[in-house]
Amino acid sequence: MSAVLFWFRNDLRLHDQPALQAALTGGATHLLPVVCLPAADESTPWGCARVGLHRRAFTAAALRGLGARMAALGNPLIICNALPSSAGQCATVAQTAPSLAGQDPRSSFPYGTPACDGSEAAALAHLAQYLGRKLPHSYKATRNGLMGRDYSSKFSPWLATGALSPRQIYADLKAFERDHGANDGTYWLGFELLWRDYFRLLHLQYGAALYRARGLSELPLAPHNPRGFERWCRGDTGQPLVDAAMRELAATGYLSNRLRQVVASFLIYDLRGDWRAGAAWFESQLVDYDVYSNQANWLYIAGRGTDPRGGRRFDPIKQTQDHDADGSYRRLWGTL
Ligand code: FAD
């Protein structure tokens, strides 16, 4: 008799899951699939919840999907909650799901709708439709967009929970290129996935140094501006593009890459705030929060990572002219 305990972490899926497949097909007599969740009330030193409403809801949907599939295979998923008040308690799936949010019609990723559900099935369907509509071909031209479902791939929320495997995306993208042709769009989409990998490798190389206030640099410590930070979080700085973006982030848990750069730059260079506070707010709010990508991108903008060019300031006026000249984004979020 062999018993296998399989610990799901950020890989809430059955596809591209060789160890689990080996357990399912390799004659394990008992298979115990387990997930451990962080404490729901844990907060960061900057005073915000570590896991906000959006990510909790999206992860709960991923767990419901995974739980249903494991139950159908005869191995119910065991979810352990690290709640201080009930440490060590375990539950089966559904007992833990917070109420669904995420159906804001303005959202670029309305995770409360079936198409953007957190489950593996929805992730694979999303990948198939994205390729089926040949959107990789237009990726380079649209990826700096601010609104809508299709300007970028929206793979990131499912990549963050692991409901979608990066290897699966990359293999399907290569097959797409063989069947429909490669162009600069398919190239850049693959290239962005490599950035994601690179930021994982940075952690292997530098580890805890990435979390120092100085990051990898010898720059002076960043000042902190508590009141500016609070206004930034609320979307109440007086800068219309930044405020619109921060309102979108809080309302939906998602923000385009372009606007993540603009708001991060604004906190660091215009409000003279500590980049670590901004990274913590993103951790709390983003539905696709990923420690590697988040930390490395904040370090990059603050000029405290590995980029030899130093920090990256994005002028909000120029960014507005370049990306929201007609004001439709700012109007959508009520700052114009
Ligand atoms: P697409 O443009 O379609 O890109 C495809 C995939 O490539 C993404 O899903 C992602 O996995 C990867 N990718 C794209 N751009 C980047 C990048 N700059 N760095 C690393 N990977 C990238 N991404 C996260 O997944 N989680 C985070 O917590 C996160 N925090 C960020 C914080 C800041 C300050 C900035 C500037 C960027 C951050 N990003 C983060 C990177 C990027 O903004 C998102 O990956 C992207 O917007 C997700 O949308 P998409 O899947 O449609 O991306």
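R133 is partly exposed, with 44% of its area accessible in relative terms, and in this predicted model its side chain meets that of D150 in a salt bridge, with 2.8 Å from N to O. R133 belongs to the loop between α3 (120-132) and α4 (139-142), whereas D150 belongs to the loop between α4 and α5 (156-161), so the pair ties together parts that are 17 residues apart in sequence. The partner, D150, is likewise partly exposed, at a relative accessible area of 32%.

The salt bridge between R133 and D150 belongs to a set that comes to a count of 18 salt bridges. Two further pairs, D104 with R106 and D324 with R330, are set beside it in the table.

| Salt bridge | Closest N and O atoms | Relative accessibility of the Asp | Relative accessibility of the Arg |
|---|---|---|---|
| R133 and D150 | 2.8 Å | D150, 32% | R133, 44% |
| D104 and R106 | 2.9 Å | D104, 18% | R106, 33% |
| D324 and R330 | 2.6 Å | D324, 2% | R330, 10% |

For the pair D104 and R106, the aspartate counts as buried because its relative accessibility of 18% falls under the 20% cut-off, while R106, at 33%, counts as partly exposed. In the pair D324 and R330, D324 is buried, with a relative accessible area of 2%, and R330 counts as buried as well, at 10%. Salt bridges also link R13, D16 and R167, which form a network.

**The ligand site**

The ligand sits in the second largest pocket, and the elements that contribute two or more residues to the shell around it are α5, α7 (184-206), α10 (257-270) and α12 (291-302). Among the elements, α7 supplies the largest share of that shell, with 5 residues. The ligand is surrounded by 25 residues, of which Y139, S152, S153, K154 and N257 come nearest.

Several side chains place polar atoms close to polar atoms of the ligand. An N or O atom in the side chain of S152 is 2.6 Å from an oxygen atom of the ligand. For the side chain of N297, an N or O atom is 3.1 Å from a nitrogen atom of the ligand, and a polar side-chain atom of E192 lies 3.2 Å from a ligand nitrogen atom. Taken alone, the ligand exposes 820 Å², and the protein buries 96% of that area.

Note on methods:
Residues are numbered from 1 along each chain as its sequence is written. This is a predicted model: local features need pLDDT of at least 70, side-chain atom pairs count only at pLDDT 80 or more; totals for chains, interfaces and linings use all residues. Side-chain values use heavy atoms; hydrogens and water are left out. A salt bridge is a side-chain nitrogen of Lys or Arg within 4 Å of a carboxyl oxygen of Asp or Glu. Buried means under 20% relative accessible area, exposed over 50%, partly exposed in between (1.4 Å probe, protein chains only). Helices (H or I, at least four residues) and strands (E, at least two) are DSSP runs, numbered from the N terminus. A residue is near a molecule or strand if one of its heavy atoms lies within 4 Å of it. A polar contact is a pair of N or O atoms within 3.5 Å; within protein, one must be able to donate a hydrogen and the other to accept it, and residues adjacent in sequence count only if both atoms are side-chain atoms. Accessible areas come from the Shrake-Rupley method with a 1.4 Å probe; for residues, only the protein chains shown count as cover. On a 1 Å grid over the protein atoms alone, a cavity is a set of points where a 1.4 Å probe fits but cannot get out, and a pocket is an open set with protein on both sides within 12 Å along at least five of seven lines; lining residues have an atom within 4 Å of a point. A molecule sits in a cavity or pocket if more than half of its atoms lie within 2 Å of its grid points.
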